[in-house]
Amino acid sequence: MAAPPALPLITPTPAALPKRKIFSEPDMAAWVSSETYHYVQVLIARLALAVEGKKITDACQENEATKALVAFLQELERSVDDIPLQTTPQRFGNKAFKDWVELMTTVSSLEYVSARANCQLTVASSHEQKSSSFQPTLLPPPLRSALPELSHHFSTAFGSPVRIDYGTGHELSFVTYLLILRLVGVFTEAEEQALVTRVFVAYLGVVRKCQKVFKLEPAGSKGVWGLDDHQFLSYLWGASQLKQHPTLRPSLLLTIPTTADSSAQLLHSSLSHLHALKSGPFAEHSPMLHSISSTVPNFTKMETGLMRMYRDEVLGKLVVVQHLWFADGGVLGWRKEVTGEDLPSTGDQMEREAEEEEKEEAMEGTKAPWALPELNISDPPPLTKVQLPKSTITSVNTSRPFSRQVPTPTSFASTTAPKPFLPPELFATSSTPRPRPTPSTAPVGRTMVPQQTSLGDRLAARATTVADEGGAAAGSSPFGVLESATRSVGKGREGLPWREEDR
């Protein structure tokens, strides 16, 4: 890898609050041409060069800002134990992570406000309060204009409290946080090794503990086809540490590192954390790392390939960099790398449209729904009378036998009151009961013979029929007029008009 260029020294000026600039794919072209995109790659390359051949435990130059930041990150790691976990059944990560993020945001804002002053920072939780005395010296008074940018990038570097996840985008936020401190002069070239072996290692301690305790989901993970579910730079800078090693090769990824190795090398500590979170064969849950360990011959090629992969898979992905915010006129502004001109953003157009809508509403005022012209029905338009042609009214279409006949206009002008419609009577209204035929009496022991009448007379003399009791519909039965079934119920055989011999 060629020697990376130097980073400029920028004096922060009062700037607007950071806001989102990357919304869609057209914004990605502006992002790639921005100076922030260039500075991020330069810082990563410079830090890789600074830790080349160095262990985590090796001595390095640390200024007061480095020590204060490391102590603060270690305090945040201890504060995870102060947050009680929620015991309710949860499908994804534990929602207690939201409480920890709120605590971290509050304490970090106190840190910046109290810069260059002796103060007591209170790390509070729902159960106890723990006081830790710091003398943060991150920003001297002339550099306080960068506080809004620092606060945003720091608060978004530990995971999303909404989705309860963590990924390479949050890791990128911490890199931009270090980049601002490096550009304003809080850290210099002499502290670049400490930024990895001290500050970044302390940051890894915080996020790894959050991943284990709160069960954070991988943010935007590619599953087994990704390098790692959560981290990336620990592998890149870990490969830089081992570039000059005389015997070690990338095949060491296939072995489980010991505790001593984990405390000395970033690559070993990343593998230890990976094996603690995942189980099963290494080739199945991490095929990308397994492929690297099996095919890449040395750590120099591994570092070069990971740098290219980081540029394509992290800095070149919309789903990752869309969460980076930029402050107009800030240290990390939305500016072109070469000319320093402001870059276009689709978000600016959306903001202008929203402002125009607000101005129009302010000028016109908010109208009630019934005051809108399209909804006002208090004065309906007059009805127009449609006059059909006379030929159309009187003509009858005989080609269609079932066509509807149009009535003549004279029928509408009739003044005669309509006659009331009365349904036909279905039951007899006469109160006089119908005569019942009396069977002829006969001596006991003799066959009862009715009077000598014809069959028609006997049918006419029946007491009642189905048609009489059931209405007109019963009289149209396909079986003819049937005798009422209710007539003979409980009457015995004396009511039958025929002789018993007929049965």
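**Group meeting: a charged patch, a leucine and the whole chain**

Okay, let's start on the surface, where Glu353, Glu355, Glu356, Glu357, Glu358, Glu360 and Glu361 gather in a patch of negative charge. Keep in mind that this is a predicted model. If you want to find the patch by eye, take Glu361, one of its members, and look for helix H15, which covers residues 346-364 and holds that glutamate.

Now let's move to another spot, Leu277. You'll find Leu277 in helix H10, and that helix runs over residues 266-277. So how much of Leu277 is accessible? Its relative accessible area is 37%, and because buried means under 20% and exposed means over 50%, Leu277 counts as partly exposed.

And what does Leu277 touch, once we leave out residues up to four places away in sequence? The answer is Gln211, Lys212 and His230. There's also Lys215 to look at: in sequence, Lys215 and Leu277 are 62 residues apart, yet in space their C-alpha atoms are 9.7 Å apart.

Let's zoom out to the whole protein chain. We have 503 residues here, and 39% of them count as buried. For secondary structure, the chain has 20 helices and 6 strands. On contacts, take the ones between residues at least 6 apart in sequence: 74% of those join residues at least 24 apart.

Last one, the outside. The chain has an accessible surface of about 29300 Å², and carbon and sulfur atoms account for 57% of that.

That's my tour, thanks!

Methods. Residues are numbered from 1 along each chain as its sequence is written. This is a predicted model: local features need pLDDT of at least 70, side-chain atom pairs count only at pLDDT 80 or more; totals for chains, interfaces and linings use all residues. Side-chain values use heavy atoms; hydrogens and water are left out. Patches are made of residues with over 30% relative accessible area and no salt bridge: like charges are joined within 9 Å, nonpolar side chains (Val, Leu, Ile, Met, Phe, Trp, Tyr) within 5 Å. Accessible areas come from the Shrake-Rupley method with a 1.4 Å probe; for residues, only the protein chains shown count as cover. A salt bridge is a side-chain nitrogen of Lys or Arg within 4 Å of a carboxyl oxygen of Asp or Glu. Lys and Arg count as positive and Asp and Glu as negative; His and the chain ends are not counted. The place of a charge is taken as NZ of Lys, CZ of Arg, CG of Asp or CD of Glu. Helices (H or I, at least four residues) and strands (E, at least two) are DSSP runs, numbered from the N terminus. Buried means under 20% relative accessible area, exposed over 50%, partly exposed in between (1.4 Å probe, protein chains only). Contact means heavy atoms within 4.5 Å.
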